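Work through these exercises with the model open beside you. Try each task before you read its solution.

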Amino acid sequence: MIYWQLFLAFFIPNIVGYGGGPAIIPLIENEVVGRYGWMSSQAFAETLALANALPSPIATKMAGYIGYDVAGVPGSLIATFATVAPSLLLMLVALGTLYRYRESVKVKSMSQWVRPVVMTLMAYLTWRFLDQGLDTAGILHTAIIGGIAGVLLLATRVHPAFVVCFGLVYGALLLG
Amino acid sequence: MLRTQTQLFLAFLRIGLFGFGGGPSMIPLVHQEVVKRHAWMDDEAFADVLAIGNTLPGPIATKMAGYIGYRVGGSLGALNAVIAVIGPIIVAMIALLSLYARHGDQRWVQGMGQGVVPVVMVMMAKLTWDFFTKSRASLGWLVTLVMGAVAGGLIYWLDVHPGLVIGAILIAALLRPEPHHTTRETDT
């Protein structure tokens, strides 16, 4: 039962997740935190922070870890399978058909039309993390960390991994 | 046979380990290994696979790994390449987060978890902005904001599953009449 839920929780976001890895994040949050309640917002934010700091695709890292957290190694395998396999199998089986449509306007408009929805989902998730930050770290620390992270991410070319490290060190020293 | 599989594994292991920044930023690395280093494909075939991969949902890096692995080494090659590109990092994720959870009762470890939330918030805000600017470029700001607001109303007020909203939009995009002037590929 839990395995089937895990499969669905990762299959659905990935099958509608046009627009690459980041577009899938709010959809996964919706399943994992909202629908099934496997994780708190805080734990999801921590997982996402670490996933951002490590290489390789974000969606599979999230699936692999959350699957493990929920149901051990089999859970990890199932969540990763649900993320990777469906679109890969489709690609292998229907390559000829897809080849004809690779420049299709319809296919391009699919990812274009989905973007505003993903934008809204991401805005909502931003607000959830803000709420979480105010709740645990308080308004002052949230503003300081958020402000410095914003400058680092938007105005400099510092790698996101270092920005995550900054948050970790700040938290360990000043919030512990 | 074994040699090919080893090469596949090492090529996609390198791609996975050095591919910081998520799927799309890994494409140049895939190109480097697959076209330049091993010549498993030429530039044109690579561009086609990339374009086809982009017509499907799901992470692009694993679709590329699986498809190229299949072309080079059959089903085993597909499995091999996918495991090489994501396996080691998933194990690292699990190890690091388990270590973190084990020391979760220490105050400074809890502080780390709290300190990272505002950082993730800023990252999410940046992604939101990126999607807005990309969408504004193709649909215009008004359509973007109206579509975003309607979707938000459906999902957060009426409690419609976001997958259903996106699924409906995808079907609408597929069913709309295709303009003729831009479809030279399908005419030939």
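The exercises below concern a predicted model.

**Exercise 1. The A–B interface**

Find how many residues of chain B are in contact with chain A, and which element of chain B gives the most.

*Solution.*
- Step 1. Count both sides. On chain B, 83 residues are in contact with 93 residues of chain A.
- Step 2. Assign the chain B side to elements. Those giving two or more residues are α1 (2–18), α3 (43–55), α4 (60–102), α5 (107–139), α6 (141–157), α7 (162–175) and α8 (184–187) of chain B.
- Step 3. Pick the top contributor. α5(B) gives the most, with 27 residues.
- Step 4. Sort the chain B side by class. It has 50 nonpolar, 25 polar and eight charged residues.

**Exercise 2. The nonpolar core**

Locate the largest nonpolar core and the residues with the most contacts inside it.

*Solution.*
- Step 1. Size the core. The largest nonpolar core has 106 residues.
- Step 2. Find its best-connected members. V119(B) and V120(B) have the most contacts inside this core.
- Step 3. Find the main source. α4(B) supplies the largest share of the core, 17 residues.
- Step 4. Follow V119(B) outward. Leaving out residues up to four places away in sequence, V119(B) touches A49(A), I145(A), A149(A), V163(A), V164(A) and G167(A).
- Step 5. Set this against the general trend. In soluble globular proteins, nonpolar side chains tend to be buried together.

**Exercise 3. Helix α1 of chain A**

Compare the span of α1(A) with the expected value, then say what its buried residues pack against.

*Solution.*
- Step 1. Take the length. α1(A) covers residues 2–16, which is 15 residues.
- Step 2. Compare spans. From first C-alpha to last, α1(A) reaches 22 Å, close to the 21 Å expected at 1.5 Å a residue.
- Step 3. List buried positions. They are L6(A), A9(A), F10(A), F11(A), I12(A), P13(A), N14(A), I15(A) and V16(A).
- Step 4. Find their partners. The buried residues of α1(A) pack against α2 (21–35) and α4 (58–93) of chain A, together with α7 of chain B.

**Exercise 4. Positive phi in chain B**

Decide whether A39(B) and D159(B) are buried or exposed.

*Solution.*
- Step 1. Recall the rule. Most residues other than glycine have a negative phi.
- Step 2. Read the angles. Phi is near 50° for A39(B) and near 65° for D159(B).
- Step 3. Place them. A39(B) sits in the loop between α2 (27–37) and α3 of chain B. D159(B) lies in the loop between α6 and α7 of chain B.
- Step 4. Apply the cut-off. A residue is exposed if 12 or fewer other C-beta atoms lie within 10 Å of its own.
- Step 5. Conclude. A39(B) has 8 C-beta neighbours inside 10 Å, so A39(B) counts as exposed. D159(B) has 7, so D159(B) counts as exposed.

Notes: Residues are numbered from 1 along each chain as its sequence is written. Chains are lettered from A and ligands numbered from 1 in the order in which they are written. This is a predicted model: local features need pLDDT of at least 70, side-chain atom pairs count only at pLDDT 80 or more; totals for chains, interfaces and linings use all residues. Two residues are in contact if their C-beta atoms, placed from the backbone, lie within 7 Å. Helices (H or I, at least four residues) and strands (E, at least two) are DSSP runs, numbered from the N terminus. Ala, Val, Leu, Ile, Met, Phe, Trp, Tyr, Cys and Pro count as nonpolar, Asp, Glu, Lys and Arg as charged, and the others, Gly among them, as polar. A residue is buried if 20 or more other C-beta atoms lie within 10 Å of its own, exposed if 12 or fewer, and partly exposed in between; C-beta atoms are placed from the backbone. A nonpolar core is a set of buried Ala, Val, Leu, Ile, Met, Phe, Trp, Tyr and Cys residues joined through C-beta atoms within 7 Å. The expected span of a helix is 1.5 Å times one less than its number of residues.
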